[in-house]
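Please open the structure in the viewer and keep the selection tool at hand. The tour proceeds from one selection to the next.

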Amino acid sequence: MLRFLAWRLLFLIPVLLGASAVVFTLIQLAPGDPIDVLMGVFASPEAREALRAKYGLNDPAYVQYFRWLWHILQGDWGVSIQQRRPVLPLVMEKFWITMLLTGAAGLFAIVVGVGAGVIAAVKQNSLTDRLILLVSVFSLSMPAYWLGLVFIFLFSVTLGWLPTGGMRSFMGEKSNLDVLEHMIMPGVVAGLTPAAIIARVARAAMLEGMRLDYMTALRAKGLSERAVILRHALRNALPTIVNMTGLQIGYLILGAALFVEIIFSWPGLGYEIYKSVIGRDMPMMLGLVLFSTIVFVLLNLLVDVLYRVINPRVRAD
Amino acid sequence: MDRTDNEPIPVAAPTGGSQEGGWPRVLSGVRSHQGIAVGAAIVMAVVLVALLAPFISPYDPNEIHPIDRLKGIGTPGYLLGTDIQGRDMLSRLAWGSRTSLAIAVVPLAIAGLIGLLLGSFGAYGGGVSETLIMRGMDVVFGLPPILLAIAVAATLGPGLFNLLVSLTIVLIPPMTRVTAQVVAILREQTFVEAARASGARDLQIIFHHILPNSVAPVLAYATSLAGSMVVFGAGISFIGLGIQPPRADWGRMINDGREVLDLMPHVSTLPGIAIVVLAAGFNFLGDGLRDLLDPRMKV
């Protein structure tokens, strides 16, 4: 286990270096000359050249890359053009807001996904099973940014049950209950696709285990069906389910949540990426992408470790 | 896009003999598999709409009718109503199917080809080349795919071509990885050994035995991603990157309708339904092909 952990931690280095190189390349590819931005297009060639030299823009790309990396490592992530504030603290602030939404969506996905998967497996080939599979295919095909609109139209505009977006009400009390109310719709919409995927994986993993002989042995022993399913079949399917759930949560924070945050104006990482894309705020956008990548990589590591902890079969080697 | 990578990739067990076994079995399976039939029918229907767009559309998709703005479904002259600018919804939906299909098929086809080559050469050679290619892919994998595509699209600038490029880049690692998994199984098979024993060179083996046998499972995997690509590609256009106005695109159309959601919900709803239907079609098709080509996945 320790060996595995050390090995995985070591492998983080090339992955993060590679990811940072990709982000750096994107900065280089971004249209527009920074000198134009700083001096305007009418500056004399000599002045431009002087400024180029001053900022080291004439150095070879790899020199510029390592200089940039050095700044990143020291916590200097540049300044957001739109908000005129350092990127790193801004990103951290947004990260926790996204985590809040991810928590809600993840909870929904796990409860609904595992529940539906187990029911489908127990009632294999029944109408319920087929219905669950059908719903899961449509959930996978449902764009979150569209479903969000439909939900807003139904539950906010038509029925007036839930707020249309944002994280807090402008007026009235500033309670946690208020935040919770704002979290329901985005949480469900963001959790739907992961729920569908988890349901499919849970169903397959359960069926795999339920085919084995020990299930018959347990029943022969006189165990109730409930205990057989929940205590044994589900327990054995758990590593697979946890693995997939972890990965799905990763996607949630760094992908699906983006569209949901935009639709519901949830002020997290995704909404911030959207604003930086629209406002052509490259330092902010790339900072957000880099930060998200680090989170993504660490989360994948965590999932791998967790998978080993709860799965004795893998733990052995 | 949610299930592009990291999901343990279900690899089809190679079909054994290099000549028979594969495609005939697939074809007979297609006839008996419900999901494939439903999925194929939906996708074919959308392809038909895309091909016949000039004949189906009553108007030019970009033609503005200032007097007939925001007409509801069933208005005489406008079967599916009009949008904020008074453009015919039916015509825009029909033409929009072309971009959605392009987004679903083109990046997967290109990334699939690159992945097939990289994956088969990498995995067949084993050793250093395999490690190099696969670890390189892991590094690109390190980036969350949706963000990578958005970052690339934002850097390259808007437009259909740049959208296709960014989606292709994101798809190369999963396609390479799935090919490598298939090839790793294939290279141990007896018919490859037999070919090697009879004096075939590595290149010959790769092109005559490894590649033809990897195509089917890789194709099945690619199909299972196509639905997510439809959803995700339209999403990029929805947030303002990708397809630019006035070109008709389902993702853009959803965004166009946001402002009038409470007045005229059909402007956003119709393109949304179109995306769900096409994506579900690809997902049914992909699931079915996966079942068919991978006996281990069948439960």
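Select A202(A) first and display its surroundings: leaving aside residues up to four places away in sequence, A202(A) touches G113(A), V114(A), G117(A), V118(A), A237(A) and I241(A). The model shown is a predicted one. A202(A) also belongs to the largest nonpolar core, which has 164 residues. Add I198(A), V260(A), M285(A), I150(B), V230(B) and I275(B) to the selection; together with A202(A), these touch the most other members of that core. In soluble globular proteins, nonpolar side chains tend to be buried together.

Next, colour chain B by secondary structure. Eleven helices and zero strands appear. Of the 299 residues in chain B, 53% are buried.

Now select the side of chain B that touches chain A. Here 41 residues of chain B are in contact with 45 residues of chain A. The helices α5 (127-141), α6 (145-156), α9 (202-238) and α11 (266-293) of chain B each supply at least two residues of this side. By type, the side comprises 25 nonpolar, ten polar and six charged residues.

Three backbone details remain. Most residues other than glycine have a negative phi, and most peptide bonds are trans.

- Select P245(B) and P246(B): the peptide bond from the former to the latter is cis, with omega near 5 degrees. P246(B) lies in the loop between α9 and α10 (250-257) of chain B.
- Select R84(A), in the loop between α4 (61-73) and α5 (87-122) of chain A. Its phi is positive, near 50 degrees. Is R84(A) buried or exposed? R84(A) is exposed, because 7 other C-beta atoms lie within 10 Å.
- Select L70(B), in the loop between α3 (53-56) and α4 (89-125) of chain B. L70(B) has a positive phi of about 50 degrees and is partly exposed, with 17 other C-beta atoms within 10 Å.

Definitions and conventions. Residues are numbered from 1 along each chain as its sequence is written. Chains are lettered from A and ligands numbered from 1 in the order in which they are written. This is a predicted model: local features need pLDDT of at least 70, side-chain atom pairs count only at pLDDT 80 or more; totals for chains, interfaces and linings use all residues. Helices (H or I, at least four residues) and strands (E, at least two) are DSSP runs, numbered from the N terminus. A residue is buried if 20 or more other C-beta atoms lie within 10 Å of its own, exposed if 12 or fewer, and partly exposed in between; C-beta atoms are placed from the backbone. Two residues are in contact if their C-beta atoms, placed from the backbone, lie within 7 Å. Ala, Val, Leu, Ile, Met, Phe, Trp, Tyr, Cys and Pro count as nonpolar, Asp, Glu, Lys and Arg as charged, and the others, Gly among them, as polar. A nonpolar core is a set of buried Ala, Val, Leu, Ile, Met, Phe, Trp, Tyr and Cys residues joined through C-beta atoms within 7 Å.
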